[in-house]
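Open the model in your viewer and keep the selection tool at hand. Each stop below says what to select and what is there.

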Amino acid sequence: MSETKIALVTGANKGLGLETAKQLAALGYEVLLGTRQPAPASLAPASLGPRLSFVRIDMHDPATFHAAAARIGEKYGRLDVLVNNAGIGPDVAFKPSESPLKLIRETFETNVFATVEITQVMLPLLRKSAAGRIVNVSSVLGSLTLNADPQAQLGEWRSFGYNGSRAALNMFTATLAYELRDTPIKVNSAHPGWVKTDLGGAGAPLEVGEGAQTSVRLATLPADGPTGGFFHANDALPW
Ligand SMILES: NC(=O)c1ccc[n+]([C@@H]2O[C@H](COP(=O)([O-])OP(=O)(O)OC[C@H]3O[C@@H](n4cnc5c(N)ncnc54)[C@H](OP(=O)(O)O)[C@@H]3O)[C@@H](O)[C@H]2O)c1
């Protein structure tokens with residue numbers, strides 16, 4: 001029997017993160033749901049099933065990254081999948097010229113700096129996996145190519161903080177994938193689509209079940225799968 005794979009998903013108390021965790025568990029992965037709050041009663045471990053458990057991950061508190069890494073190291077000795085899903089978009093409704101610096105800083109702190117830091121902390125455990133996978137949950141709104149095209153179908157979603165944070169995260173994907181090119185670890189960026197969540201809003205066309213599929217695909221890539229790419233479903237997106 002093959003060894004059970006271990007996955008950590010950040011921002012997994014709701015939305016795309018929770019759904020990604022559930023889909024990975026359904027594929028047989030043992031999944032740690034990173035949440036900054038204690039698990040809500042609606043997510044009692046018993047209701048989630050045997051392969052899902054909680055670990056405290058607060059993107060504003062790097063001590064939680066180290067504590068989680070120590071726990072994963074002690075219990076499993078390695079990490080097979082890291083899904084960097086936690087993210088915020090507090091400035092999406094602002095024009096770049098009017099977006100409060102405070103919101104831009106908050107966005108980069110969570111979506112970029114904390115995501116880079118947790119990845120650095122988890123990397124030694126991912127190096128111990130036979131097939132490590134890092135999924136950076138980004139957005140098509142981070143595409144420089146599309147943002148530079150006035151005709152691109154981005155609507156009015158052209159804020160600097162959120163879009164810029166996704167472009168920066170994509171650069172982390174590309175540079176880290178290059179650094180790790182001679183290892184089994186694959187690093188890719190995912191665009192879930194526009195999905196009904198607290199962040200995506202009720203008007204989004206996709207349900208979380210479909211939205212989580214890109215992260216799940218990239219988390220479960222075979223040895224001959226891509227690295228250093230930016231994808232929605234099976235399609236490569238423009239950087
Ligand atoms: N929905 C879409 O249409 C869409 C499109 C493209 C990309 N995305 C990306 O997909 C990812 C998931 O978003 P979602 O749509 O599922 O939104 P969501 O329902 O608002 O979920 C965001 C998750 O991130 C967590 N989070 C935020 N700040 C955190 C912090 N400081 N520490 C720990 N966790 C934190 C939230 O936890 P709390 O509940 O504790 O705040 C929540 O679990 C995000 O990175 C987002 O940018 C979404």
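Start at Lys-196. Lys-196 counts as partly exposed because it has 17 C-beta neighbours inside 10 Å. (Here a residue with 20 or more other C-beta atoms within 10 Å of its own is buried, one with 12 or fewer is exposed, and anything in between is partly exposed; C-beta atoms are placed from the backbone.) This is a predicted model, where local features need pLDDT of at least 70, side-chain atom pairs count only at pLDDT 80 or more, and totals for chains, interfaces and linings use all residues. Numbering starts from 1 along each chain as its sequence is written.

Widen the selection to the loop. Lys-196 sits between strand 6 (186-190) and helix 7 (208-211). Helices (H or I, at least four residues) and strands (E, at least two) are DSSP runs, numbered from the N terminus. Now add Leu-206: its C-alpha lies 6.0 Å from that of Lys-196, although the two are 10 residues apart along the chain. Beyond neighbours within four places in sequence, Lys-196 is in contact (C-beta atoms, placed from the backbone, within 7 Å) with Ala-202, Ala-204, Leu-206, Glu-207 and Val-208.

Zoom out to the whole chain. Count eight helices and eight strands. The radius of gyration, taken over C-alpha atoms, is 17 Å, close to the 18 Å that the globule rule gives for 239 residues, so the chain is as compact as a globular protein of that length. The rule is 2.2 Å times the number of residues to the power 0.38. The C-alpha trace spans about 55 × 45 × 30 Å along its principal axes. Buried residues make up 44% of the 239. Of the contacts between residues at least 6 apart in sequence, 66% join residues at least 24 apart.

Next, select helix 1, residues 15-26. Its 12 residues reach 17 Å from first C-alpha to last, close to the expected 16 Å. The expected span is 1.5 Å times one less than the number of residues. Is helix 1 enclosed or open? It is largely enclosed by the rest of the structure, because 11 of its 12 residues are buried. Gly-15, Glu-19, Lys-22 and Gln-23 are among the buried ones. Just after the helix comes Gly-28, with a positive phi near 100 degrees.

Stay in helix 1 and pick Ala-25. Ala-25 counts as buried, because 20 C-beta neighbours lie inside 10 Å. Its C-alpha is 6.7 Å from that of Leu-52, 27 residues away along the chain. Ala-25 also touches Val-31, Gly-49 and Arg-51, among residues more than four places away in sequence.

Follow that to Val-31. The partners of Val-31 include Ala-7, Val-9, Ala-21 and Leu-24. Which residues touch the most other members of the largest nonpolar core? They are Ala-7, Ala-21 and Val-31, in a core of 44 residues. (A nonpolar core is a set of buried Ala, Val, Leu, Ile, Met, Phe, Trp, Tyr and Cys residues joined through C-beta atoms within 7 Å.) Helix 4 (residues 101-127) supplies the largest share of this core, six residues. Apart from it lies another core of five residues, including Val-140, Tyr-162, Phe-230 and Leu-237.

Finally, select the ligand. Of the 29 residues around it (C-beta atom, placed from the backbone, within 6 Å), Gly-11, Gly-15, Gly-87, Leu-199 and Gly-200 come nearest. Helix 1 gives the most to this shell, with three residues.

Definitions and conventions. Two residues are in contact if their C-beta atoms, placed from the backbone, lie within 7 Å.
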